[in-house]
Amino acid sequence: MTQTIETAVILAAGRGTRLQPYTFDIPKGFMPVGDERLIERSVRVLKENGIKNIIIGTGHLHEHYEKFAKENGLTTFLSPDYATTGSFHTLIYGSELIKGDFLLLESDLLYHSDAIKELLHSDAKDVILCSGFTQSNDEVYVEVKDGSLENLSKKKEEIGSVDAELVGIWKISHALLEKLKDHHSIADDARKKDYEIAIAQLADEHKVSVLKLDGLAWCEIDNQDHLERAKRHILPRLD
């Protein structure tokens, strides 16, 4: 039986340096793709799927998100050290706002709403959403063992097998969040680390199921090439 999840956390603190000059004036989540900005579309899709509580972790040009949140009934928190820390630190910094299980995603994603629907319908408490191989450059590869996350890396040679590609949307239980908080308090590299690496490092002691959607239309927009691919190849396939 699937559990009801009504909270989503969107990590949006990054400076988006690879998308300059666009990100001189706006954060990555405010990139327009089609008729909507990325953050507008994500919030709409989340709300359409029953997510009522949306929390945005901000940093670079945070005032844009604060204004957007006020207009749309969302919550934001500012990660004060965003310029020198990674996404793991942002997540843990805002963790006191998170009550219960939640969806976790990034602000620079363009994705079909099936991504959210399928995650919410999964019986597993902790799930990493994966796709087939996009050949989009800058991929994060995922190693799967017995249906669960074994390891992940941007470098194929660092993992035992290349079985899927990370999308950047997760379902996270409050139990896993508590373990992540403990890990953050003792790991020497916690402030610099990406949250997905932290989760992978806990995979031996805390099972994270893999949900692979081979035909999912999605992309991350991290540079100019990604932006062009999003407009030409992903946007026409969306709902």
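This note goes through a predicted model, taking in turn one helix, the largest pocket, two buried charged side chains and two residues with positive phi.

1. Helix H7 covers residues 224–234, and its buried residues are His226, Leu227, Ala230 and Ile234. These four residues lie on the same side of H7, because the arc that they cover around the axis is only 105 degrees. As a general matter, an α-helix has 3.6 residues a turn, so residues three or four places apart point the same way.

2. The surroundings of H7 fit with this division into sides. The cover over the buried residues of H7 includes strand E2 (32–33), strand E7 (109–111) and strand E13 (218–220), while the face turned away from the buried side carries Asp225 and Arg232, which are exposed. At the start of the helix, the backbone nitrogen of Asp225 has a side-chain oxygen of Asn223 within 3.1 Å.

3. The largest pocket holds about 960 Å³ of space, and a reader new to the model may ask which residues lie nearest its centre. They are Lys28, Glu106, Asp194, Glu220 and Asp222, out of a lining of 43 residues. Sorted by class, this lining consists of 15 nonpolar, 15 polar and 13 charged residues.

4. Several elements give two or more residues to the lining of the largest pocket, namely strand E1 (7–12), helix H3 (87–93), strand E10 (148–153), strand E11 (164–172), helix H6 (195–201) and strand E13. The largest share, four residues, comes from E11. Strand E13 deserves a second look, since besides giving residues to this lining it is also among the elements that cover the buried residues of H7.

5. Strand E11 also contains Lys171, which leads to the question of whether this lysine is buried or exposed. Lys171 counts as buried because its relative accessibility is 1%, a value under the 20% limit used for that term. A polar atom of the Lys171 side chain lies 2.7 Å from the backbone oxygen of Ser122, and a polar atom of this side chain is likewise found 2.9 Å from the backbone oxygen of Ala124. Along the chain, Lys171 and Ser122 are 49 residues apart, yet their C-alpha atoms are separated by 9.1 Å.

6. Arg41, in helix H1 (residues 38–48), is another charged residue that counts as buried, because its relative accessibility is 6%. What lies 2.6 Å from a polar atom of the Arg41 side chain? The partner there is the backbone oxygen of Tyr111, and residue 111 falls within the span of strand E7 (109–111), which is part of the cover over the buried residues of H7.

7. Two loop residues should be checked for their backbone angles, given that most residues other than glycine have a negative phi. Leu61, in the loop between strand E4 (53–58) and helix H2 (62–72), has a positive phi near 50 degrees. Asp146, in the loop between strand E9 (141–145) and strand E10, has a positive phi as well, near 55 degrees.

8. Where these two residues stand with respect to the surface can be read from their accessibility. Leu61 is buried, because its relative accessible area is 17%, whereas Asp146 counts as exposed, because its relative accessibility is 73%.

Key
Residues are numbered from 1 along each chain as its sequence is written. This is a predicted model: local features need pLDDT of at least 70, side-chain atom pairs count only at pLDDT 80 or more; totals for chains, interfaces and linings use all residues. Side-chain values use heavy atoms; hydrogens and water are left out. Buried means under 20% relative accessible area, exposed over 50%, partly exposed in between (1.4 Å probe, protein chains only). The arc is that of the directions from the helix axis to the C-beta atoms. Contact means heavy atoms within 4.5 Å. A polar contact is a pair of N or O atoms within 3.5 Å; within protein, one must be able to donate a hydrogen and the other to accept it, and residues adjacent in sequence count only if both atoms are side-chain atoms. On a 1 Å grid over the protein atoms alone, a cavity is a set of points where a 1.4 Å probe fits but cannot get out, and a pocket is an open set with protein on both sides within 12 Å along at least five of seven lines; lining residues have an atom within 4 Å of a point. Grid points are joined across faces, edges and corners, and a volume is the space filled by probe spheres set on the points.
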